[in-house]
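This report goes through one structure, beginning with the ligand and its surroundings and moving on to the nonpolar cores.

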Amino acid sequence: MLDLFTILNKGGLVLWKHAYTSLTGSPVEGLIKNILIEERSGTDIYIKDTYALKWTFANELDLVFVVAYQKILQLSYIDELLETIKRLFIETYKDTVVTDQGIHGDYSDFDAVFSKVLVSLEQKHSSNRARAPRKFENTKKFETTLKGSQAPVSQSTASNTKVDNDEITKNIKALKLQGSPRGKGGRKQPPSRTTSSTASPSTEKKKSQKQMRVWDGQIAKGEMEALDYSGGGGDDTVDEALIKAQHLDAAKLGTKNNQGIYEVQDVDVPEDDEDEDYDFGDDDEDDNDGSNKGGIFSFFKSMTGQREMTEETLDPVLATMKDSMIDKNVGKEIADRLCESVKSSLLGKKLGSFERVSAVVRTSMESALKRILTPKTSLDILRDIEQAKSEKRPYVITFIGVNGVGKSTNLSKVCFWLLQNNVKVLIAACDTFRSGAVEQLRVHARNLRALQTSGGGVVELFERGYGKDSAGIAKDAIAYAGANNFDVVLIDTAGRMQDNEPLMRALSKLVSVNNPDKIIFVGEALVGNEAVDQLTKFNNALKDFSGLQNPRHIDGMILTKFDTIDDKVGAALTMTYITGQPIYFVGCGQTYRKFDIITFGTAS
Ligand code: GDP
């Protein structure tokens, strides 16, 4: 039923895996890249092609437990399997992972443990399924309970699933005690550790009786044996090949060779603002980490380094952090998702001696932000232009976005930058909708020509007036550029609201017909929550209206009007988080001066 169960460390290295099929399309890599690195682990399922992947973190050991199965299957035991395997693996190999051999440890015994747990859960859930059609309301028990009071009815129904989870916990506890010299386990006759046993039919039968019992540290034989891995294992061999997650290095892409290349200025972030942005109230630390209840005891606890991060300790710190992000104009939904993701990667992690929750959360959030903002693809447009040149075709960039955000102004700024790098540019006036749009571009082209007094840069405007099909004009412009040795075509499109379907269809058509090298979304840095809606709907329109099997999506962003936002820079985070794409330029001002376009190359 499963395709794969694997245990990775957070760097993507495989400690242990059990594969039932060879997976196509690297869904686990997809999970790491799109969910774990991009801080989307607040969601609980990842769908890639035909696979569904679920995961759970063991933050105290920096491990991720991942299960992959066919998405059409409804496997009710997946969550339980993840949690059970996590507990068993931690209990067995905790010291190995932390101290001894780390990822190079020998986990081959775990194959047998895993198989036993899986079989046991499959049996349990399939028998639950078999019983399912018989509703509780139809049973005698329901009748008799009704005659008494209503309360026990709901209580007993609701507690069923909880009992299952409790059972597993207690079974594991009992297993642990079994190996301990002091362990009593509450059993009259604990099973021998040296005997590898499987559940007998008689113990299977006893299972239902056992579930109705009130637990008090006791464990039933059937459950014990199903989970007892002490004597089993060793026969199955585990594939110990440690797979390097190559894509992790991709996050380091994006440095430019500036030899002879016109470069624009980097964003200048005032140093002293940084701490202000992350004021998480360290003074209230004791309240936040919930460890101030016992005075001397909490101090002692902190000395022993045994404090664990829990929802109670993390929530107040993350709430402050979320407010701080929203205050800096990060979309609320994104701030929520990000905090949820950071929380899930910290829950259960042990705090070191004197370590503060707020400091750990802050470090974790900082590295999450760096990961999100670090471009995953090359930003070197000049190199891509050279590549297109060698293929004897013009490089095509399409600018899209809503009305008035500064599309044509920033298209002209990009053109100015290209001219400084001796690129021959054709501007295609494809906003055939808004009156004045073509004239505005004509003025820009004239100004740019006037500024271009030396070097090999050339700029020309390709225009066909208004009311015509913009996809056709763009096609003609590209053909014209090819025939006249232009290096680059910059396509200006009509601004449109994301809910205007006819205009969104026209945009999608322009993209499908001309297949530009880059689709750049131009958005205002002022935008807050609205950015989520804009980007999602533009991307959806490109996909839904394209009629293509492999539709295009936004390849990157230009953030405009950065000069007007002060320190409210959150839109940069919102936009990169939503699209997973980099910010190519940040526009600061209304002129073409060279410092107006700012590369966001190594965003941090
Ligand atoms: P379009 O409708 O999207 O093509 O937007 P325009 O390029 O016509 O720009 C709309 C207005 O925004 C114009 O007044 C621009 O001068 C102004 N604008 C564009 N970029 C910036 C910027 O980076 N900073 C500031 N302050 N204004 C800008």
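## Polar contacts with the ligand

In this predicted model, serine 408 places a polar side-chain atom 2.7 Å from an oxygen atom of the ligand. Its sequence neighbour lysine 407 takes part through the backbone: one of the polar backbone atoms of lysine 407 is 2.8 Å from a ligand oxygen atom. Glycine 587 also has a backbone N or O atom, at 3.3 Å from an oxygen atom of the ligand.

Of the 580 Å² of accessible area that the ligand has on its own, the protein covers 80%.

## The shell around the ligand

The ligand is surrounded by 17 residues. Lys407, Ser408, Thr409, Gln440 and Asp563 are the closest of them. Helix H15, which spans residues 407–420, gives the most to this shell, with 5 residues.

## The largest nonpolar core

The largest nonpolar core holds 85 residues. Within this core, Phe399, Leu418, Ile427 and Leu490 have the most contacts. The greatest contribution comes from helix H13 (residues 357–373), which supplies 8 residues. At least three residues of the core come from each of domain 2 (307–373) and domain 3 (381–599).

Isoleucine 427 shows what such a position looks like in detail. Leaving aside residues up to four places away in sequence, isoleucine 427 touches Leu411, Cys415, Leu441, Leu448, Val459, Glu460, Leu461, Phe462 and Leu490.

## A second core

Another core, separate from the one above, has 30 residues. Val67, Tyr69, Ile90 and Tyr107 are among them.

Conventions: Residues numbered from 1 in each chain as written. Predicted model: local features only at pLDDT ≥ 70, side-chain atom pairs only at ≥ 80, totals over all residues. Heavy atoms only, no water. Core = buried A, V, L, I, M, F, W, Y, C linked by side-chain atoms within 4.5 Å. Buried < 20%, exposed > 50% of the residue type's maximum accessible area, 1.4 Å probe, protein only. Helix = DSSP H or I, 4+ residues; strand = E, 2+ residues; numbered from the N terminus. Domains from an automatic or database assignment. Contact = heavy atoms within 4.5 Å. Near = heavy atom within 4 Å. Polar contact = N/O pair within 3.5 Å; in protein donor to acceptor, adjacent residues only side chain to side chain. Areas by Shrake-Rupley, 256 points an atom, 1.4 Å probe, with all protein chains shown as cover.
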